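Trainee: Got a minute to go through this chain with me? I'd like to start with a single strand.

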Amino acid sequence: MAKNLPVVTIVGRQNVGKSTLFNALIQQKKAIVDPMPGLTRDILSCAVTHDEAAFMLCDTPGLDIRDPSQLSQTILENTKAFLGTSSVIILLFENPAPSSFDYELSDIVRKLSLPTIVAVNKMDSAEEYENLSNFYEMGFSEVLPLAAQSRTNMGLLLDAIVRELPVRRQAAAESDMRIAIVGRPNCGKSTLLNSLTGFTRSVVSDVPGTTRDSVDEELTFQGRRLTVIDTAGIRRKSKITENVDFYSVTRTRDSIRRADVVVHLIDAQAGLTETDKKISDEILTAHKPLIIAINKWDAIEKDTKTFQAFKEKLVFQFYRAGDFPIISISAKEKQRIHKLLELAMDLNDRANTRIDTPRLNKIMEGIQRSRRLPLLGDTLKIYYITQTESRPPKFKLFVNRPELFRKDVVRFLEKELQNQLGATGIPMVLIIEGKKRDNARRGR
């Protein structure tokens with residue numbers, strides 16, 4: 001969470017529109033919105049600036065969970081503990097009248113003795129404002145009518161929040177980099193986020209698919225501001241049976257695309273699964289710098305050769321894994337999580353590097369002379385190479401016969417460039433183009 005920003009927390013029972021209100025106030029669709037009660041399980045946060053004042057807005061799960069399961073109890077305990085860290089609470093009710101649980105919730109909030117804004121959602125017309133009297137009967141001196149879906153009275157709510165803030169602070173500086181943690185359900189993503197940030201931010205459970213939204217958390221490491229994104233686990237298409245799962249997959253893909261570096265978490269006990277391969281394909285498609293982190297390594301019986309054998313098997317099962325750094329960690333025991341962050345920062349720095357054209361052409365000349373690919377330098381000729389973009393690094397190669405530069409040839413050149421430039425872990429994009437004078441000659 002952005003340091004020193006006051007926390008404003010939306011609290012209410014299930015399905016009153018907390019996530020819709022959260023999205024309306026931050027003006028983006030970050031929280032998943034669906035009629036299914038109990039959808040939000042984690043605490044989502046986003047920095048908001050209004051009237052030159054900044055605060056961290058948080059969306060919480062509904063507190064009227066009656067399911068006695070351990071997961072529900074964990075969600076409740078996590079949310080109640082988080083409320084105590086808030087500077088302002090938005091107590092959200094639903095038109096037309098309070099429920100019995102709303103009275104219980106009001107007592108919980110009053111005992112916190114924190115500045116509280118009472119709001120009633122789904123007030124879609126002026127005629128419905130008459131129902132506000134039902135909520136004044138609960139003993140509140142001021143009640144604000146809202147319609148989050150149509151963004152009615154959002155400005156009034158933001159003004160009220162700013163008035164209640166204990167201090168007015170400017171928005172925090174942007175993060176230096178964003179790290180997305182991805183992986184199949186139950187591989188330890190939320191545990192890793194909690195270990196990195198030092199407190200229980202995401203709900204951790206043995207129930208697969210606990211995290212449904214993508215959760216952002218900010219931390220400072222070695223003097224740099226990092227945003228860590230815990231994403232919902234990507235499932236195979238055959239297992240996407242609810243709208244919620246569809247949205248979770250979409251959010252995960254969005255998180256990969258907005259990340260600077262991706263950490264693909266693999267369960268050491270389960271090994272590489274077909275779902276893991278699909279996740280890797282998503283990361284490769286997005287051309288993101290990648291670290292493969294083998295989690296739960298503390299649970300593996302091992303000797304000095306175990307990890308090397310695991311890596312070799314991983315690359316045998318999925319050959320592209322050899323393009324990226326592979327590290328063993330234990331999110332639960334906090335083993336090598338600092339090394340993971342150091343690797344991520346190093347990858348991010350190297351992904352921003354631009355290579356000057358003379359050096360690139362000298363490297364390419366050496367690759368052609370090596371004859372490691374027999375046709376290269378003879379039937380296949382590369383006249384010139386230049387870098388056109390970074391993040392991801394894109395290189396344009398001017399060649400004699402573009403049609404002969406098949407995928408295997410391009411793959412060979414990509415690997416050679418990665419090795420020569422010290423760019424392990426950074427995907428490259430090679431664009432093959434015929435030399436213009438050759439094209440003109442063929443045209444004549």
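Mentor: Sure, take strand 3: Ala-53, Phe-55, Leu-57 and Asp-59 point one way, Ala-54, Met-56 and Cys-58 point the other way, and all are buried. Strands here are DSSP runs of E, at least two residues, and helices are runs of H or I, at least four, numbered from the N terminus. Buried is under 20% relative accessible area with a 1.4 Å probe, protein chains only; over 50% is exposed, and in between is partly exposed.

Trainee: Why do the side chains alternate?

Mentor: That's what a regular strand does: its side chains alternate between the two faces of the sheet.

Trainee: Before I go on, where do the numbers come from?

Mentor: It's a predicted model, where local features need pLDDT of at least 70 and side-chain atom pairs count only at pLDDT 80 or more, while totals for chains, interfaces and linings use all residues. Residues are numbered from 1 along each chain as its sequence is written, and side-chain values use heavy atoms, leaving out hydrogens and water.

Trainee: Which way does strand 1 run against strand 3, parallel or antiparallel?

Mentor: Parallel, with four bridges joining strand 1 (residues 7–11) to strand 3; DSSP has to find at least two bridges for a pair. Val-8 sits opposite Leu-57 there.

Trainee: And strand 2?

Mentor: Strand 2 (residues 44–50) is antiparallel to strand 3, with seven bridges, and His-50 has Ala-53 as its bridge partner. Two residues lie between the strands of that hairpin, where Asp-51 takes a positive phi near 55°.

Trainee: Zooming out, how many helices and strands are there in the protein chain?

Mentor: 13 helices and 15 strands. Of its 444 residues, 55% are buried.
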